[in-house]
Amino acid sequence: MNKFLFILFLSVGLLGVQAQERYIPSQSNLDNRAWFEASRLGIFIHWGVYSTLGDGEWVMNNQNFAVDEYNLLPRFFNPLEFNARKWAKLFKQSGAKYITFTTRHHDGFSMWNSKVSNYNISKATPYKRDITKELVNACRAEGIKVMFYYSLLDWGRNDYLPAGKTGQGIVGRDTTKGDWRGYIDFMKAQLTELLTQYGRIDGIWFDGHWDKPDQNWHYDELYKLIHQLQPHCLIGNNHHLAPFEGEDFQMFERDLPGENTTGFGTSADHVGKLPKEVCGTIAGSWGFDIKDRNQKTFKEVLHYLVKAAGSDANLLLNVGPLPNGEIQEYQQDRLKELGAWLAKYGETIYETRGAIVMPHPDYALTKNDKNTFIHVLNGKAGTITIKGYYPNVYSLVTYSGDNALTYSQTPDGLQIEVPQSMVNEHDLILKLTEQ
Ligand code: FHN
């Protein structure tokens, strides 16, 4: 065979292997994307048997546990103070429209009564109750939608072996038992449980791809299964890359779209056109860490939300409950403060679009049908210049409409004079109406 034909056959062959059916989202999925994009605030919950050690959700990896040592944890995961209704009421009070709950994190422990793994809340803990079910029902009763976080990566199972980039120091797994096909089928069985036993689920939030970035994760099968079981269900994958075929939203971890302060690689050219979500923490850590002194202030959390909306993304704000099932007071306080703020100013966040200009340390802009909202975040009086060209400004007033501001369009942007009397240390909201 000549060289040209050989290359041609090879390319056709490779294309055949990698070809994925083009994904055409259902109408219910498109509607759900619109709901998601309008929601702007969700609550992320990192909670599992790792919480008992108070050392974050990566403790199994970071402390190089042996699998049988770690497997003692479920025996004393007994969250007697867990009250799904209380949680759901708190989430409602925060102004959030949905939650994303860690049904299974990287340690592989299932927070529901899984039939394909006994390593779960109902079978391996004294608590026995199906926490996922209680949470779903309680949130539903409050009108809050539910998404499930599901880890692709697993530090405990033999079939996941050989280990990926993480979990290399975890001992006690049988390296002769690696079975990738079996592992994919296991995940499909678990996802089927999650999507058939808990009613309507609005999203699946995958994480862990980066552990084996070159592995074939069979997303064609996983995503197809999800969309077959619940067509409206939104799929997102925290792979830190541009969206893959079959995904419905794109997430960014501790960074606004296009930023890359974390080193996860969400550079500007990875930002796609799907609805976006930024996730971040109230504490420093996702899962409960007893020495976590990084407690964010209301101002920090609010700026997270405003800047996320200003970059056209939702904020998925994380709480890391205690092992006994309580959410720490300061985390509750942040959620209540956000809710009180949103009750007054929600119009400037919900159902708005961002990315008119990208957020700046001093300001962020959101827009609805009637107005553009300028959120002045620097807490200062004086001149502030908002990038962009606004030739048709009809009026520029404070959110209440009581006070007008002086402004002028300059080559650098819209120059606004903020008098001392208007300074707001959290967020001075200005309403710009165009002709
Ligand atoms: O490893 C996880 C981490 O524990 C946490 O769940 C975050 C949430 O976005 N995602 C991973 C790191 O990218």
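This passage looks at salt bridges in a predicted model and at the parts of the chain that they link. The structure contains 15 salt bridges, and three of the pairs are described here in turn.

A good place to begin is the pair formed by D154 and R104, whose side chains meet with an N to O distance of 2.6 Å. Distant parts of the chain are linked by this pair: R104 belongs to strand β2 (residues 98-104), while D154 sits in the loop between β3 (145-151) and α8 (180-196), 50 residues apart. Both partners can be assigned to the interior by their accessibility. D154 is buried because its relative accessibility of 1% falls under 20%, and R104 is likewise buried, at 0%.

Strand β3 itself contributes K145, which forms a salt bridge with D202. Here the closest N and O atoms are 3.8 Å apart. D202 lies in the loop between α8 and β4 (203-207), so the bridge ties together parts of the chain that are 57 residues apart in sequence. K145 is partly exposed, with a relative accessible area of 23%, whereas D202 is buried, at 2%.

The third pair joins R353 to D312, with 2.8 Å between the closest N and O atoms. Two loops are involved: R353 lies between α11 (329-345) and β9 (363-367), and D312 between α10 (298-310) and β8 (313-319), so parts 41 residues apart in sequence are tied together. R353 counts as partly exposed at 41% relative accessibility, while D312 is buried at 10%. Both residues also belong to a network, in which salt bridges that share partners join them with E37 and R40.

Definitions and conventions
Residues are numbered from 1 along each chain as its sequence is written. This is a predicted model: local features need pLDDT of at least 70, side-chain atom pairs count only at pLDDT 80 or more; totals for chains, interfaces and linings use all residues. Side-chain values use heavy atoms; hydrogens and water are left out. A salt bridge is a side-chain nitrogen of Lys or Arg within 4 Å of a carboxyl oxygen of Asp or Glu. Helices (H or I, at least four residues) and strands (E, at least two) are DSSP runs, numbered from the N terminus. Buried means under 20% relative accessible area, exposed over 50%, partly exposed in between (1.4 Å probe, protein chains only).
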